[in-house]
Amino acid sequence: MSAAPLVGYSSSGSEDEAEAAAVGRTKAGSGGRRCGQSPLPSQRFPVPDSVLNMFSSTEEGPEDDSAKHGGRIRTFPHERGNWATHIYIPYEAKEEFLDLLDLLLPRAQMFMPRLVRMEEFHLSLSQSVVLRHHWILPFVQVLKDRMASFQRFFFSANRVKIYTNQEKTRTFIGLEVSSGHAQFLDLVSEVDRVMKEFDLTTFYQDPSFHVSLAWCVGDARLQLEGQCLQELQEIVDEFEDSEMLLRVLAEQVRCKSGNKFFSMPLK
């Protein structure tokens, strides 16, 4: 079995964390006493818990509980001031598209029950990379300049395909682009130029542009390729007006950095 194509996803962006300062203690000097006189007992009053809890002796890192986001694992460690950044074309799901997904997902879950639907749909133009917070706006401005000359275009995505992320910790069911591939390559070429300017990782050498429909934790290629893949493709091919439904107009490029979104309309 050939290896599934790779897709780059990151679990979350970066958030500023509160810093805690350690409090040092100072030693009091001992006072003089008369000869033969016993030292006076030092009287210490306990510090209230409410005061002690105001300070922390160590700086705590961000909580990274994968159980809180479906078992997903970060593709790179969280650091203060780092923002996960991703460039893509958004895919606005119409009602008919969701109807098709309502047929595909239950069938796929017969082979892999832990599959869940994607919360939003897009086609990636970059891997997930890390940007320092102060580089976000300069990065976006350069990206906007690069995208300014591109025109809108139609593409079709109607081939069911199984993908994994680079670490093979997640598996995706996607619809691969079957027309419009050349336009996607042109966009990626300019996105890669921006990445190189900021010393960031470029996109995959031979990308498979696609819309991810559902995902699960772990490497589920064995369960989803073969019979499952064949049945899913039959559902797509037999769905009413699927050819028109899965023909989409690309109207904008979007950049997500942490919790910030930047849109770049195509001409």
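User: Which residue takes a positive phi just after α4?

Analyst: Just after α4 it is Asp199 that does so, with a phi of about 55 degrees, and please keep in mind throughout that this is a predicted model. The general idea is that most residues other than glycine have a negative phi. Asp199 goes against that pattern, since its phi is positive and it is a residue other than glycine. It is found in the loop between α4 (181-197) and β8.

User: Is Asp199 buried or exposed, and what value decides it?

Analyst: We compare the relative accessible area with a cut-off, and a residue over 50% is called exposed. Asp199 has a relative accessible area of 73%, and is therefore exposed.

User: Where is Asp241, and what is its phi?

Analyst: Asp241 sits in the loop between α6 (227-238) and α7 (242-245), and its phi is positive at about 60 degrees, although Asp241 is not a glycine. Because its relative accessibility is 57%, Asp241 too counts as exposed.

User: How do I read a helix such as α4, and what span should its 17 residues have?

Analyst: One can compare an expected span, at 1.5 Å a residue, with the distance between the end C-alpha atoms. For α4 the expected span is 24 Å and the ends are 25 Å apart, which agrees. Buried residues of α4 include Phe184, Leu187, Val188 and Val191, and also Glu190 and Asp192.

User: What does the same check give for α3, and which of its residues are buried?

Analyst: The 12 residues of α3 (residues 136-147) should span 16 Å, and the end C-alpha atoms are 16 Å apart, so the two values agree. The buried residues of α3 are Ile136, Phe139, Val140, Val142, Leu143 and Met147.

User: Why do these buried residues lie on the same side of α3?

Analyst: They cover an arc of only 165 degrees around the axis, which puts them on the same side of α3. The general idea behind such a pattern is that an α-helix has 3.6 residues a turn, so residues three or four places apart point the same way. The face of α3 turned away from its buried side carries the exposed residues Leu137 and Asp145.

User: Which side chain is joined to that of Ser208 by a polar contact, and where is Ser208 placed?

Analyst: Ser208 lies in the loop between α4 and β8, and a polar contact of 2.7 Å joins its side chain to that of Tyr163. With 17% relative accessibility, Ser208 counts as buried, because the cut-off for that word is under 20%.

User: What can be said of Glu120 in the same way?

Analyst: Glu120 is placed in the loop between β3 (116-117) and β4 (122-124), and its relative accessibility of 40% makes it partly exposed. Its side chain and that of His122 are joined by a polar contact of 3.0 Å. Along the chain Glu120 and Val211 are 91 residues apart, yet their C-alpha atoms are separated by 9.7 Å.

User: How many cavities of 30 Å³ or more are there, and what lines the largest cavity?

Analyst: The structure holds two such cavities, and the largest has a volume of about 50 Å³. Its lining is made by Leu101, Leu104, Leu105, Ala108, Ile173, Leu213, Ala214 and Leu232. The elements giving two or more residues to that lining are α2 (95-109) and β8 (210-217), and α2 gives the most, with four residues. By class, the lining has eight nonpolar residues, no polar and no charged ones.

Key: Residues numbered from 1 in each chain as written. Predicted model: local features only at pLDDT ≥ 70, side-chain atom pairs only at ≥ 80, totals over all residues. Heavy atoms only, no water. Buried < 20%, exposed > 50% of the residue type's maximum accessible area, 1.4 Å probe, protein only. Polar contact = N/O pair within 3.5 Å; in protein donor to acceptor, adjacent residues only side chain to side chain. 1 Å grid on protein atoms, 1.4 Å probe; cavity = no way out; pocket = protein on both sides within 12 Å on 5 of 7 lines; lining within 4 Å. Points joined across faces, edges and corners; volume = space filled by probe spheres on them. Nonpolar A, V, L, I, M, F, W, Y, C, P; charged D, E, K, R; others polar. Expected span 1.5 Å × (residues − 1). Arc of directions from axis to C-beta.
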